[in-house]
Amino acid sequence: QRARESEKLSDDLIEWTVAAINKTFEDGRIPVAMSHYSLVSHYGEILTNFTSEKASVNDMDYFREAIMASGLEYWFSGHMHASDIASYTNKNGQTIYDIETASLPGYPAPIRKVEMFGDVFELSTQYLNKIDEATLPDFLTEEEREGLTQDPTNYLKKCIEIDMMDN
């Protein structure tokens, strides 16, 4: 059952998630989880009150506490199509980080790089701000190629505006 199609996450899904986190620790690895929806509210109180119901995992507080009790610290999400890192610290002093990453079609496309070794977690973000013409498909017109290679930001903005007007 998908997280947004029910009133709450099933107990089976929560148990499975906790077991997977525990197994990862047992294997000597750092667990990392991801879902489409956030596990931590982003963007401050005003936006959180407006968006959290539609932008986060159902039954977020209960689920978050269950996986934090297992020791999970890193959660990747993306529903809001933006790049942001939010954290939540519970009453036991445990902290979880929700690393929200925008989608690649958004320009400049964010690309997250995560490196983990031992108990060190390093995250960096780079932005795709140049398009190599050699990587473009052959079916593009000359106008499309020129727009994508010379001024991708404005070209893609125009494409989005045109698409929005057509729908």
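**Figure 1. A nonpolar patch on the surface of the predicted model, formed by Val32, Val114 and Met116**. In this predicted model, the three side chains of Val32, Val114 and Met116 make up a nonpolar patch at the surface, and together they have about 200 Å² of accessible area.

**Figure 2. Met116 in its strand**. Met116, one of the residues of the nonpolar patch, is found in strand β5, which covers residues 109-117. Its relative accessible area is 36%, and because this value falls between the limits of 20% and 50%, Met116 is described as partly exposed.

**Figure 3. Glu122 and its contacts**. Glu122 lies in strand β6, which covers residues 120-128, and with a relative accessibility of 39% the residue counts as partly exposed. When the neighbours within four places in sequence are left aside, Glu122 is in contact with Lys113, Val114, Glu115 and Phe117. One of these contact residues, Val114, also belongs to the nonpolar patch with Val32 and Met116.

**Figure 4. The whole protein, shown as a setting for the close-up views**. The protein has five helices and six strands, and a reader who follows the sequence meets them in the pattern α-β-α-α-β-β-β-β-β-α-α. Of the 167 residues in the protein, 32% are buried, while the protein exposes about 11300 Å², of which carbon and sulfur atoms supply 52%. Among the contacts with a separation of 6 or more, 50% are accounted for by residues that are 24 or more positions apart.

Technical notes:
Residues are numbered from 1 along each chain as its sequence is written. This is a predicted model: local features need pLDDT of at least 70, side-chain atom pairs count only at pLDDT 80 or more; totals for chains, interfaces and linings use all residues. Side-chain values use heavy atoms; hydrogens and water are left out. Patches are made of residues with over 30% relative accessible area and no salt bridge: like charges are joined within 9 Å, nonpolar side chains (Val, Leu, Ile, Met, Phe, Trp, Tyr) within 5 Å. Accessible areas come from the Shrake-Rupley method with a 1.4 Å probe; for residues, only the protein chains shown count as cover. A salt bridge is a side-chain nitrogen of Lys or Arg within 4 Å of a carboxyl oxygen of Asp or Glu. Helices (H or I, at least four residues) and strands (E, at least two) are DSSP runs, numbered from the N terminus. Buried means under 20% relative accessible area, exposed over 50%, partly exposed in between (1.4 Å probe, protein chains only). Contact means heavy atoms within 4.5 Å.
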